[in-house]
Amino acid sequence: MSVLAKRVLVLNRSYLPVHITSTRRALSLLYQDMAHAVDDQYRTFDFATWSTQAVSVDDESVGLVDRMIRVPRVVLLLRYDRIPKRSVRFTRFNIYARDRHRCQYCGCRLLRSELNLDHVVPRSRGGASTWDNVVCSCRRCNRIKGGRTPEEAGMHLRRRPFRPKWSPFLVDEVGRKRYKEWLPYLGAVDGTWRNLEETERSAG
Ligand SMILES: [Zn+2]
């Protein structure tokens, strides 16, 4: 993999991880002074100071016109927090991701193409299209439930739907392969991950 394609963790101004980006994009943010690089001592650097940091043999680096620049593993956004707001947009795919592609009634795991969205309180009864009233469901459960509430249909939600605090995709993106420089910032993401797993387990 090219160094420019390697992954960089993006933090918002509160040092919360919000995104994974490429080295190419991270350097561009740094160069435009939209982000600072963060080193493993939690020090932050603008482009000018970062580009004068010595590059050791263990560091990955990219060549500029007249010197080598170290590849940052973590960058801190300076001016805006748009990314986290955008990342929890209420969309079909974000709901699928939040529910981990599982029908919230029978628990079966399906491909996106086989999933439906279900309004827990049906729209015909005034149920809203919101994070806490829409879940992922299979077509079969959707058909059985029809225009009824889960209670009326004798069906049980495996988990109470909620507005995700983190982009469900961030949990997936961070994945297993992570740089040691990321670890101090990932507690909250891993917490979300653990919560998801526990909720799934306790829902049986
Ligand atoms: Zn189902």
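Donors are N, O and S atoms within 2.8 Å of the metal. With that cut-off in place, the donor residues of the zinc ion in this predicted model follow the sequence spacing C-x2-C-x31-C-x2-C. The residues concerned are Cys103, Cys106, Cys138 and Cys141, each of which coordinates the zinc ion through its SG atom at 2.3 Å.

The geometry of this site can be read from its angles. Four donors count as tetrahedral if all angles lie between 85 and 135 degrees. The four donor atoms around the zinc ion subtend angles of 100 to 117 degrees, and the arrangement is therefore tetrahedral. For reference, the ideal angle for four tetrahedral donors is 109.5 degrees. Two of the coordinating residues can also be placed with respect to the surface. Cys138 counts as buried because its relative accessibility is 7%, and Cys141, with a relative accessible area of 4%, is buried as well.

From the metal site the description turns to the chain as a whole. The chain holds eight helices and nine strands. Of its 204 residues, 43% are buried. Among contacts with a separation of 6 or more, 59% are between residues 24 or more positions apart.

Five of the strands form an open sheet with mixed pairing, in the order S2-S1-S7-S3-S4. Strand S2 (17-22) and S4 stand at the edges; each has a single partner strand, so one side of each is left without a neighbour in the sheet. Helix H1 packs on this sheet and touches strand S1 (7-11), S2, S3, S4 and strand S7 (74-77). The direction of H1 makes about 110 degrees with that of S2. In general, strands of a sheet pair through backbone hydrogen bonds, either parallel or antiparallel. For S3 and S4 the sense is antiparallel, and the pairing extends over two bridges. Within this part of the sheet, Val38 stands opposite Thr44 in S4.

The loops on either side of S3 each contain a residue with an unusual backbone sign for its type. Asp33 lies in the loop between helix H1 (23-31) and strand S3 (35-38). Although Asp33 is not a glycine, its phi is positive, at about 60 degrees. Its relative accessible area of 32% makes Asp33 partly exposed. Tyr42 is found in the loop between S3 and strand S4 (44-45). Tyr42, also not a glycine, has a positive phi of about 65 degrees. With a relative accessible area of 49%, Tyr42 is partly exposed, given that a residue counts as exposed over 50%.

Tyr42 leads on to the aromatic residues, since Tyr15, Tyr42 and Tyr185 form one aromatic cluster. A search of the whole structure finds six aromatic pairs. One of the pairs joins Tyr31 and Phe47, whose ring centres are 5.0 Å apart and whose planes stand at 85 degrees, so the pair is edge-to-face. This pair links distant parts of the chain, with Tyr31 in helix H1 and Phe47 in helix H2 (residues 47-50), 16 residues apart. The two partners fall into opposite accessibility classes: Tyr31 is exposed, with a relative accessible area of 61%, whereas Phe47 counts as buried at 17% relative accessibility. Helix H1 thus contributes Tyr31 to the aromatic pair and also packs on the sheet.

Definitions and conventions:
Residues numbered from 1 in each chain as written. Predicted model: local features only at pLDDT ≥ 70, side-chain atom pairs only at ≥ 80, totals over all residues. Heavy atoms only, no water. Donors = N, O, S within 2.8 Å, 3.2 Å for Na, K, Ca; no water. Tetrahedral: all angles 85-135°; square planar, octahedral: opposite > 155°, others 65-115°. Buried < 20%, exposed > 50% of the residue type's maximum accessible area, 1.4 Å probe, protein only. Helix = DSSP H or I, 4+ residues; strand = E, 2+ residues; numbered from the N terminus. Pairing = 2+ DSSP bridges. Contact = heavy atoms within 4.5 Å. Axes fitted to C-alpha atoms, helices over the stretch in contact; angles between N-to-C directions. Phe/Tyr/Trp six-rings, centres within 6.5 Å; stacked < 30°, edge-to-face > 60°.
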